[in-house]
Amino acid sequence: MDRESASLLPGVCALLADSGKPLPDDTSLEKLLDRFTELSEAGVSLPESCLCLLEFISTMASNSTSDPSILSFTLKLTGLMAATEDGYRVLQERSVLEVIFSVKHWMDTKLWDDPCIRIGWLYGFKRMLLHPKALTFFVQSGFLKPLLELQSDPSIFVASAAKQLLVHILLATQPEEGHASIKAREDHSAVVLQTSDHINESLKEGKLASGNARFLSLLALILEQARRPLREQLLKALAASLEELAEAGDSRITSPLMDVIMAGYSTESDDVTKRLLSSMLNVDKPFDLVQAAAWFLSRSRSCASRDAVNTRQAVRILLLPLHFVTEQPLLGTALVVDNVTMAAQLKNKKAFISMICSCLGKAPEVALMPLDVLPCAPAVIVLSVVTLLRMCSGDTLTSSWPSRNEDFRCIVSSGKVQISALNALASLSASPGANSTTNQVSEILVHYLCQPNSDPTVLKKSYEALLQWVSLWTDPSSIPQQLGEDLLMTVKKRACDPRWEVRDSTIEFLGQLQCIPSLGSVDASLLSNRSTAPLLREALQDPESYVRASAVAALARGLVPCWQQGSELPQEQTDTVRQLLDILQKDTEGFARRAVVHYFKTWFFVCSRPPSSPPSLLLESVRVVFSRGSLDLDWEVKVNMLDLAELLLDSAFLDYKRRTGAENHPYATFYTDINGQAKDADAALESALRTLVGQGVFSASLSSLVDYDRPVALKACELLITIRDAISPASALTMDVPCELPEYGWGREIRELLKSKGDAGRHVNVCEALTLLDLDERRGLLSQSSDHVHNSLQSLLQDILSAGGALADSRKDGGQEVIVDCY
């Protein structure tokens, strides 16, 4: 701790110990505790360096009139100090721990009812238990009983903290094989027995599902982390209660009960988890059955291949609702649940829809299961989802509509089911044999896109699914012509939809479609670049900025192949570039302007790789991007602009490297005359620097160096340092690479920085400026957050003292309270 902070700390302790001066903002206490924690973790002995803290804790241990927030802070601080050997010893010698952590003491003073005190007690113990002796102190002092009672605390924050502490204690008391003392084993047995008894009683007495769920969640957390002996002890002790819950069939606790089962589950599990799992996978309630099966597959992936019996059962359960609703042959004739029971589930619309969505969520995973586990081919699962989507759309004209159509009115136009089915269909494109169903899938997806009143989210999911399935068309000629024509007509219509979300999804789809290699040679009627580019260019003028940004990105994706080939740019692209530069200058929303800079960044990246070179239109455009981007008010636009500057920098020095043969570093120079090449290297370097100046890279970097947004200034500083490090000290003295600064704005700021270094001209020499700007120091400052100045222990102590004094004065004068600024 620094000397200034050490001198302020006694005053702060005195202020906090004064019951008449509670702080108006207790977050400053949390900040103070964080500072003490950092000091302790750095190896500073708080009892030795901060003796006043011991006096403060001793005083507060017998103080029942202070503000609860300060008493809570004291409990946490005590636990922090007791976590170290010297702190624990000193506090024990002063008999502080027994008093300050005594629940009876806090109950007698009526303060235990305040959740602030209970939280302080829990967090204090959590920290203190890092010391090995503290665990024995906790167990032998009888603190386990109040901790167990806090598991049901009405405050969710207290109950959560209590759960975490109990789990820590149970795991920490597990005896090491062959190393634990008799006393340690006795402590462990006592903790396990009290804990299991308390959970048993709570589960038997629990009248509310929420109460049972809370204790099941606690048990699952313990079982997940416990070693095998502790797992078996707890499961054996709680077996009767858990089996009773499983047989009760309460849907509200299916998930937490399955958590418990899977936390203790393995193929070598004892009879308890085997019986519980068997019960859950054989209940007669379809909703609970599906929920349990989904939970089993989610949590048992590592041993699914070794437990084929339960995995096969879970798969059949999850396919059952789809089999029943769509009448697709997913399960054959042997059903897990009869049709009458399934039909009864339809009476509860909410539960039925939830059950269908659970099945759809697991369908892609099920389709990837080994064939000896699946009761049908994966392609049948795909077709069942297609049938379900037809039913959801209300399409009664298809032959795939089941005979019991009247039973399924609840899923017609259900957005939740449609979205789940579309998500499933997108993922099912990766299942074995999926390419055999491509036409049926594409047909239903285009059908959904044609629906006039489709929800925007449903349309977006339809586009996403279609992209996954279109990528399976390895032979574009196999695409039905009518399907392509329908899709093109639909996309044109959706691009003009009155809802901006739909227009945005459509433009995004067109852009992503360009990235599918197999469609590169598809005819114009099937959404080629020729047929979609006019839609994208028109979208550049869309009234919604998100759509304009998506159009810019889509145009870039579509032009990448053209850029890669280095082919001559068509007139349409030249016009588009002018449009984009106009957006960069005039668009009022940052989304579109960011997308424009990213467009040119992508273009330059593609074209700057040898043997190709950037076209003249691109080089002319980047100068405009730098001049306009430097003036932009959006910091992300400027960071993207600097990313483009970095690409130009790489390109210029890559060319320099090829010309000089430098191998050690892409920006390396020859500092000595090697084979007479030093002068050639300097000339090549000077040429590269002049190129960068002419392109506007230096101006953009210098203007960003003094930008108010720290990420922008830091990025610019790093770019300039990269350039500076490429120039040898000797070369910097001989090279003359001028760069003009504007008279006002950032030019004036740069001149002010250079003025103290002896250079205040309108034109600056790049090499000299880079050595005079103290870039390393500036980078160090920019790398630090703004908190490093204010968020220190010294400033925090000063704030607490200042607020305490101002508060006292305001009360004396009848004024208003002053709120602490704890940064």
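Modeller: Rings of Phe, Tyr and Trp (its six-membered ring) count as a pair if their centres lie within 6.5 Å; planes under 30 degrees apart are stacked, over 60 edge-to-face, and the rest tilted. By this rule, the count here comes to 16 aromatic pairs.

Colleague: Why is the pair of Trp121 and Phe125 called edge-to-face?

Modeller: The ring centres of Trp121 and Phe125 are 5.1 Å apart, so they meet the distance limit, and their planes stand at 80°, so the angle puts the pair in the edge-to-face class. Before we go on, a word on the ground rules: this is a predicted model, in which local features need pLDDT of at least 70 and side-chain atom pairs count only at pLDDT 80 or more, while totals for chains, interfaces and linings use all residues. Residues are numbered from 1 along each chain as its sequence is written, and side-chain values use heavy atoms, with hydrogens and water left out.

Colleague: Where do Trp121 and Phe125 lie?

Modeller: Both belong to helix H9 (residues 115–128), where they sit four residues apart, about one turn of the helix. A helix here is a DSSP run of H or I with at least four residues, a strand a run of E with at least two, both numbered from the N terminus.

Colleague: Are these two residues buried or exposed?

Modeller: Trp121 is buried, because its relative accessibility is 0%, and Phe125 is buried at 0% as well. The scale is: buried under 20% relative accessible area, exposed over 50%, partly exposed in between (1.4 Å probe, protein chains only).

Colleague: And what makes Phe138 and Phe143 a tilted pair?

Modeller: Their centres are 5.9 Å apart, within the limit, and the 40° between the planes of Phe138 and Phe143 falls between the stacked and edge-to-face ranges, so the pair is tilted. Phe138 and Phe143 are both buried too. In fact, Phe101, Trp112, Trp121, Phe125, Phe137, Phe138 and Phe143 form one aromatic cluster.

Colleague: Why is Thr195 called buried?

Modeller: Its relative accessible area is 0%, so Thr195 falls under the cut-off for buried. Thr195 lies in helix H13 (residues 182–205). Beyond its neighbours within four places in sequence, Thr195 is in contact (heavy atoms within 4.5 Å) with Leu144, Leu148, Leu166 and Leu170.

Colleague: Which residues does Ser5 touch, leaving out those up to four places away?

Modeller: Ser5, in helix H1 (residues 3–17), touches Leu793, Gln794 and Leu797. Ser5 is buried, because its relative accessible area is 0%.

Colleague: Why is Phe591 called partly exposed?

Modeller: Its relative accessible area of 31% lies between the two cut-offs, so Phe591 is partly exposed. Phe591 has its place in helix H31 (residues 590–607).

Colleague: What does the chain look like as a whole?

Modeller: There are 42 helices and two strands. Of the 823 residues in the chain, 53% are buried. Among contacts between residues at least 6 apart in sequence, 70% join residues at least 24 apart.

Colleague: Where is confidence lowest, and where highest?

Modeller: The mean pLDDT (the predictor's confidence in each residue, from 0 to 100) is lowest in helix H41 (residues 787–790), at 50, and highest in helix H23 (residues 415–428), at 96. The chain has a mean of 83, with 84% of its residues at 70 or more. Over residues 663–676, pLDDT stays under 50, and the model has 26 contacts beyond four places in sequence for them. Over residues 809–823, pLDDT also stays under 50, again with 26 such contacts.
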